[in-house]
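Colleague: Got a minute to walk through this one with me? I'd like to go helix by helix rather than skim.

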Amino acid sequence: MSGFASFGNELYTGKRSYDFVGAKKIWFLIAAVAVALSIIIPVAKGGFNLGIEFRGGSEFTVSNVKTTDPTVGEHAVTDVVAGSVPRVANIAGNTMRIQTDKLADDETLKIKQGLTTAYGVTDNEVTSTFVGPTWGADVTKQALIGLVVFVLLAALLMALYFRTWKMSLSALAGMAVTMFITAGVYALSDFEVTPSAIIGFLTVLSYSLYDTVVVFDKIRENTSGIDASTRRTFGEEVNLAVNQTLVRSINTMMVAILPVGAILFIGAGLLGAGTLRDLSLALFVGILIGTAATIFVAAPLYAWLRQGEPDLVKQARRVEQRRAGAAERAVPASPAKA
Amino acid sequence: MARTGRKKPGLRVLVWLGVVLAALTAVLAGGTIAGQASWAPKLALDLEGGTQMILAPKVEGGSDINEQQLNQAVAIIRQRVDGSGVSEAEISTQSGRNVVVSLPGTPSAETRNLIQASADMNFRPVILNGDGAAVPPESQTPDAQLPKPTAAPANSSDTNWITPEIYKQFEALDCNSPQAENAQRSDPTKPLVTCEPATAKTPAIKYILGPVEVKGTNIVTSSFQLQQGAQGAVTNDWAVNIQFDAEGTAKFKDVTERLNQFYVAAGGESGTDPKSQFAIVLDDRVISAPRSLAVITDGRPQITGGFTEQTAKALSDQLRFGALPISFEIQSDQQISATLGGEQLRMGLLAGLIGLLLVVVYSLFQYRALGFVTIASLVVAGALTYLAIAILGWTENYRLSLAGVAGIIVAIGQTADSFIVYFERIRDELREGRGLVSAVENGWKRAKRTVLASKAVNLLAALVLYFVAVGNVRGFAFTLGLTAIADLIVVFMFTHPTLQLLAQTRFFGEGHKFSGLDPERLGAVPLYRGAGRIRTPEDRPVAVRGKNAGAAAEAERRMTIAERRLAEKQEQLAGSSKTSAKENK
């Protein structure tokens with residue numbers, strides 16, 4: 001810890017400083033490339049791997065199976081509905097999942113019986129789910145409405161709290177980057193997009209803004225008296241604030257990501273595909289990217305948006321003048337600075 | 001815990017938190033003892049096992065469903081499910097568009113068909129009525145004496161519709177016990193034997209009804225109002241108005257012309273001929289069977305007699321519903337076996353526990369003894385969340401779903417973040433060279449703003465998700481919002497007061513190296529400056545701090561960090577030894 005603590009100390013005093021604001025062109029370029037890739041990948045792969053909720057169809061889950069041979073399940077389905085192409089997967093230890101196209105009620109019952117005998121399980125170990133093709137679209141539509149409402153309200157909230165719309169804009173830009181990259185990772189990893197994944201996305205948005213607000217609050221604090229100060233330019237103050245909250249950012253990210261990672265890596269092995277796993281991938285990626293986007297995109301963008309303001313330009317000039325003057329005076333006083 | 005001296009500012013708040021927790025526990029305990037609540041939170045279907053159907057009501061003509069129609073749809077489905085003998089069914093609406101039916105176990109194919117059948121309203125004339133109870137077998141009419149049709153029925157009110165089978169069915173029918181619902185609707189061209197279920201005021205009645213004469217779709221609208229007396233003065237009696245369309249008007253005129261004859265023949269007001277009644281039938285069940293007091297030629301009948309405002313509204317709603325028959329489209333039909341549900345819950349909790357354990361380890365690693373404050377805070381937040389969920393399960397029938405569990409697991413991180421923000425601020429203040437007591441107070445003042453602003457974003461997200469989203473998303477949003485509130489309570493009422501108290505202990509106040517607040521380790525400014533005055537933690541004047549902290553903190557706070565640093569810098573540049581004096585306070 002002493003290493004980490006002194007790391008925090010150095011960041012706080014400015015002894016150690018990462019140039020998040022100054023090197024913004026590099027970060028923006030990386031972000032732009034990542035976003036572009038996130039758009040190209042799904043297009044190139046022919047879209048996302050949509051879950052049954054979006055395709056519509058019937059799904060059977062068989063627990064405590066004697067054999068995990070997928071052909072057994074396929075036969076059970078094709079015996080009832082000739083010519084159908086079921087997707088059979090072993091989703092957890094002894095659980096099989098069989099997805100088919102939309103089935104009639106009596107077909108569902110027959111397949112259920114077929115699966116019961118084929119996998120040698122009892123009646124209540126086979127469950128069926130039917131999903132209408134509009135269900136997923138319905139969830140998505142509502143999620144999009146929710147997204148728009150949330151973004152508008154959050155932008156308003158931040159603009160009111162920070163008294164500047166530029167913070168809102170920067171925070172939203174960071175959030176957008178997070179969103180695109182998270183979606184890109186979904187496309188790349190071929191994870192199914194289910195309503196749970198959509199929940200994960202929405203949470204990531206909230207987390208991303210949450211994280212940005214914490215860092216921006218420190219920026220607000222550091223830059224509140226900037227006009228009267230000649231110590232640092234606006235960009236430098238922003239950079240210092242980001243550095244000073246870096247330990248918090250890392251700690252929070254770690255604490256947030258540990259439970260999510262536990263679900264993703266440990267839970268997924270035990271649980272198989274399901275609500276928790278779908279949700280946790282979105283969260284895992286989103287928290288990582290969200291934290292980074294705050295530091296590398298939102299904060300530098302904010303500094304960049306404001307640095308052209310006449311007051312801040314004047315202030316930057318004063319800082320330079322003082323430095324030029326201080327440099328001369330500081331030469332004899334240099335030992336005191338060590 | 002009873003001591004609330006002035007020297008321990010945090011204690012009073014902690015006592016209050018204890019009171020809140022105890023009160024919530026007492027509420028839950030009371031509910032449990034009374035047999036209404038339970039210690040375990042109620043579980044949703046995906047954890048408990050069962051069947052969940054999500055139905056989208058569709059109004060004929062494709063127009064959007066409004067809230068009133070949705071509520072009627074729920075009422076209709078509830079009646080059907082209750083009628084099918086399924087107990088503990090839950091029917092609720094979702095985002096003003098869908099109806100969610102949750103049933104324990106696996107419903108029969110019949111029940112499923114029944115639930116999704118479209119509602120059906122029509123008007124049939126009454127041929128015969130009787131007391132709701134079944135006629136005991138010994139006193140039932142012998143086969144030989146059963147009424148037999150003598151000719152083909154001339155109209156829908158003709159007693160020739162009554163065949164021996166129908167009469168036997170009528171006698172055997174028991175309207176006092178709940179009726180089984182049939183998915184198959186009756187044939188509108190045939191007579192129907194059915195019940196008018198008992199209400200609070202009226203007993204159950206059974207009927208033999210003639211074939212359908214006017215369809216519910218012929219109703220344009222319906223309203224209810226206080227009845228007007230002969231002089232136009234408003235009386236205290238409620239009345240329900242119906243308005244038919246052209247087809248309905250013509251048909252209803254024919255019906256009332258015939259029925260009114262029976263009414264007049266039976267002696268008007270004092271008469272009791274059932275044939276003067278027409279029955280309003282919804283899903284093959286009589287909801288009202290008024291007598292026809294007059295011939296209605298304008299298609300605007302008014303039903304009066306014995307209504308309260310509530311019953312008049314209920315009938316009027318049902319009639320309006322008949323005007324727009326709602327059918328149901330299955331959006332999703334999910335069966336979860338109890339074993340799978342239990343497994344999911346177990347794994348979810350296990351994953352959550354592992355996650356929590358990792359957080360604990362990380363906190364201790366990062367914050368040493370202060371990590372225990374994080375853990376204790378998480379425990380208190382957990383207790384609050386648990387109590388809230390259990391109590392809401394009792395009062396609001398809130399059920400914890402897998403998505404809800406995920407919300408809680410995710411919340412661990414966001415809750416812990418409040419503490420991290422706070423601790424980091426305290427450390428920052430320590431680095432500025434403050435003593436712990438004033439660092440706690442100042443750090444808190446700064447952290448409070450940040451925590452409030454960031455939690456506002458979280459709550460906003462939870463609220464928007466809750467009100468806009470459908471399905472699983474709601475359960476998730478709910479727990480996310482709940483934990484955000486629990487987090488705020490804990491930060492304000494537990495974490496901060498606890499730190500206030502801990503700041504006065506030797507272990508923390510003197511910055512033991514395992515306290516996580518060790519100024520030396522945190523590189524408090526004096527050591528970095530090399531000003532030479534303060535080398536050992538023991539030199540930090542603990543007692544003086546308390547006295548001047550308030551005023552000094554106030555003066556400090558008026559300066560922004562930038563100003564303060566500027567001041568420090570200038571002092572330093574001036575080479576003055578005041579620097580260390582200032583930091584010595």
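Colleague: Which residue with a positive phi follows α10(B)?

Modeller: Keep in mind this is a predicted model. Helix α10(B) covers residues 402-431. Its follower has a positive phi, near 100°, and that residue is B:Gly433.

Colleague: How far does α10(B) reach from its first C-alpha to its last?

Modeller: It has 30 residues, and at 1.5 Å a residue you'd expect 44 Å. The model comes out close to that expectation, with a reach of 44 Å.

Colleague: Where does α10(B) bend?

Modeller: There's a bend of about 30° in this helix. The residue to click on is B:Ala411.

Colleague: How many of the residues of α10(B) are buried?

Modeller: For context, buried residues make up 45% of the 585 residues in chain B. Helix α10(B) is largely enclosed by the rest of the structure, because the buried count is 30 of the 30.

Colleague: What is the orientation of α9(B) relative to α10(B)?

Modeller: The two pack with their axes 10 Å apart, at an angle of about 135°. Angles over 145 would count as roughly antiparallel and 65 to 115 as roughly perpendicular, so this one falls under neither. That makes α9(B), relative to α10(B), oblique.

Colleague: What is the handedness of the crossing of α9(B) and α10(B)?

Modeller: On the α9(B) side the contact includes B:Leu370, B:Ser377 and B:Ala381. Facing them, α10(B) contributes residues including B:Ile412, B:Phe419 and B:Phe423. The crossing of the two helices is right-handed.

Technical notes. Residues are numbered from 1 along each chain as its sequence is written. Chains are lettered from A and ligands numbered from 1 in the order in which they are written. This is a predicted model: local features need pLDDT of at least 70, side-chain atom pairs count only at pLDDT 80 or more; totals for chains, interfaces and linings use all residues. Helices (H or I, at least four residues) and strands (E, at least two) are DSSP runs, numbered from the N terminus. The expected span of a helix is 1.5 Å times one less than its number of residues. The bend at a residue is the angle between axes fitted to the seven residues ending there and the seven starting there. A residue is buried if 20 or more other C-beta atoms lie within 10 Å of its own, exposed if 12 or fewer, and partly exposed in between; C-beta atoms are placed from the backbone. Axes are lines fitted to C-alpha atoms, for helices over the stretch in contact, and angles run from 0 to 180 degrees between N-to-C directions. Angles under 35 degrees count as roughly parallel, over 145 as roughly antiparallel, 65 to 115 as roughly perpendicular and the rest as oblique. A crossing is left-handed if the near helix is turned anticlockwise from the far one by less than a right angle, and right-handed if clockwise. Two residues are in contact if their C-beta atoms, placed from the backbone, lie within 7 Å.
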